[in-house]
Amino acid sequence: MTMPTTAPAALAFADVTASDSALRRFLHGLPGVDAVGLEARAASLGTRSIKTTSKAYAIDLAISMIDLTTLEGADTPGKVRALAAKAVRPDPTDRTTPTTAAVCVYPDMVATAKAAVAGSGVKVASVATAFPAGRAALPVKLADTADAIAAGADEIDMVIDRGAFLAGHYLKVYEQIAAVKAECGDRARLKVIFETGELSTYDNIRRASWLGMMAGADFIKTSTGKVAVNATPANTLLMLEAVRDFRAQTGVQIGVKPAGGIRNTKEAIKFLVLVNETVGEDWLDNHWFRFGASSLLNDLLMQRQKLATGRYSGPDYVTVD
């Protein structure tokens with residue numbers, strides 16, 4: 001598996017990002033998205049079946065790609081510790097079950113999560129930059145990011161200002177992403193959330209993908225999970241095509257994270273097929289692909305137990321998040 005650098009490709013786009021008008025010309029000059037063709041290809045890939053041995057591999061791979069998430073106002077240290085324990089040992093009855101990729105929490109819960117996963121290899125991700133709306137002044141966003149990293153966050157999930165993006169203020173969005181990336185430095189990887197359900201068109205999702213990648217995102221992410229439309233096969237396919245084309249042009253590999261609405265094993269496997277068929281095995285690793293999910297893990301564990309024992313144990317045999 002190749003591991004290209006994820007250093008920002010800013011130098012390659014210095015002319016493009018020199019002014020708002022230049023950036024607008026570039027983004028609006030990207031090829032338009034054939035919505036019918038995109039949705040048809042996503043649907044077609046979703047119909048592919050896999051063998052039982054491949055399914056077992058896919059289930060373990062999907063578990064290892066989950067950012068196990070709790071982002072509620074009622075989160076407590078106890079809830080975060082319980083979630084972290086599940087991330088470290090998803091199935092206490094089977095030590096061969098892989099750990100999840102990360103635990104994702106609010107900044108004030110980072111220290112609790114970090115202590116709970118210590119020594120396990122599970123990362124701690126923190127939403128920041130005025131999640132989920134992203135409507136705050138840049139100094140506030142940078143302070144939010146700095147606090148999370150100081151508490152031990154390995155990854156920052158930032159949200160773009162969709163209002164600025166939809167108003168065509170692309171340079172403002174670019175500069176905010178670049179500033180947060182600079183704050184992260186080498187201390188934390190940056191996931192940039194577009195909230196695709198609010199971007200209205202596939203063309204906007206393609207533009208946001210390129211904008212985020214040019215500004216230094218290590219990952220591009222569909223959604224916060226807080227709106228009606230979150231990750232879909234079509235919008236994820238579009239983002240996978242964007243990272244593929246970006247690497248072809250710059251040599252820089254960027255990760256993809258669909259988040260929200262992926263609840264069962266069948267859906268997760270469809271997304272893995274999208275990855276394999278669109279960008280290939282270089283992205284079939286949790287360093288480059290993640291699921292933002294919480295309920296998904298339980299279904300993956302139940303299906304894993306069924307493959308191992310031949311019996312479907314049911315939801316009473318897994319913990320409720």
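# Close-up views

**View 1. Helix 12 across the edge of the sheet: helix 12 lies across strand 1 and strand 8, and its direction makes an angle of about 120° with strand 1.** The model is predicted, so local features need pLDDT of at least 70 and side-chain atom pairs count only at pLDDT 80 or more, whereas totals for chains, interfaces and linings use all residues. Residues are numbered from 1 along each chain as its sequence is written, and side-chain values use heavy atoms, with hydrogens and water left out. Helices (H or I, at least four residues) and strands (E, at least two) are DSSP runs numbered from the N terminus. Angles run from 0 to 180 degrees between N-to-C directions, with axes fitted as lines to C-alpha atoms, for helices over the stretch in contact.

Helix 12 comprises 15 residues, 295–309. From its first C-alpha to its last it reaches 22 Å, close to the expected 21 Å (1.5 Å times one less than the number of residues). Its buried residues (under 20% relative accessible area; exposed is over 50%, partly exposed in between; 1.4 Å probe, protein chains only) include Leu296, Leu297, Leu300 and Leu301. Asn298, Asp299, Gln303 and Arg304 are also among the buried residues of helix 12. These buried residues pack, by contact (heavy atoms within 4.5 Å), against helix 3 (52–64), strand 1 (66–69), helix 4 (77–88), helix 11 (265–278) and strand 8 (291–293). Just after helix 12, Gly310 has a positive phi of about 80°.

**View 2. The sheet: 8 strands form an open sheet in the order 7-6-5-4-3-2-1-8, with parallel pairing.** Strand 7 (255–257) and strand 8 stand at the edges with a single partner strand each, so one side of each has no neighbour in the sheet. From one strand to the next, the twist averages 25°. Two strands pair if DSSP finds at least two bridges between them. Strand 4 (residues 155–159) and strand 5 (residues 189–193) run parallel and are joined by 5 bridges. In this pair, Val159 stands opposite Ile193 of strand 5.

**View 3. Arg290 and its surroundings: Arg290 lies in the loop between helix 11 and strand 8.** With a relative accessibility of 3%, Arg290 counts as buried. A polar contact is a pair of N or O atoms within 3.5 Å; within protein, one must be able to donate a hydrogen and the other to accept it, and residues adjacent in sequence count only if both atoms are side-chain atoms. The side chain of Arg290 makes such a contact with the side chain of Asp67 at 2.8 Å, and another joins the side chains of Arg290 and Glu155 at 2.7 Å. Leaving aside residues up to four places away in sequence, Arg290 touches several others, among them Met65, Ala101, Ala102, Arg189, Lys191 and Phe219.

**View 4. The loop after strand 3: Thr129, Ala130 and Pro132 are found in the loop between strand 3 and helix 6.** Strand 3 spans residues 123–128, and helix 6 spans residues 138–150. Thr129 has a phi near 60°, a positive value in a residue other than glycine, and its relative accessible area is 0%, so Thr129 is buried. Ala130 also has a positive phi, of about 65°, although Ala130 is not a glycine. At 25% relative accessibility, Ala130 counts as partly exposed. Phe131 and Pro132 are joined by a cis peptide bond, with omega about 0°.

**View 5. The buried face of helix 5: in this helix (residues 110–117), Val110, Thr112, Ala113 and Val117 are buried.** Seen down the axis of helix 5, these residues fall within an arc of 160° (taken from the directions from the helix axis to the C-beta atoms), so they line one face of the helix. Among the elements that cover them are helix 4, strand 2 (102–105), strand 3 and helix 6. Gly119, just after helix 5, takes a positive phi of about 80°.

**View 6. Helix 10 across strands 6 and 7: helix 10 (residues 233–250) lies across strand 6 (219–221) and strand 7, running at about 170° to strand 7.** Helix 10 has 18 residues and reaches 26 Å from its first C-alpha to its last, close to the 26 Å expected. Its buried residues include Leu237, Leu238, Leu240, Val243 and Phe246. Helix 2 (35–45), helix 9 (202–215), strand 6, strand 7 and helix 11 are the elements against which the buried residues of helix 10 pack. Just after helix 10, Gly251 takes a positive phi of about 80°.
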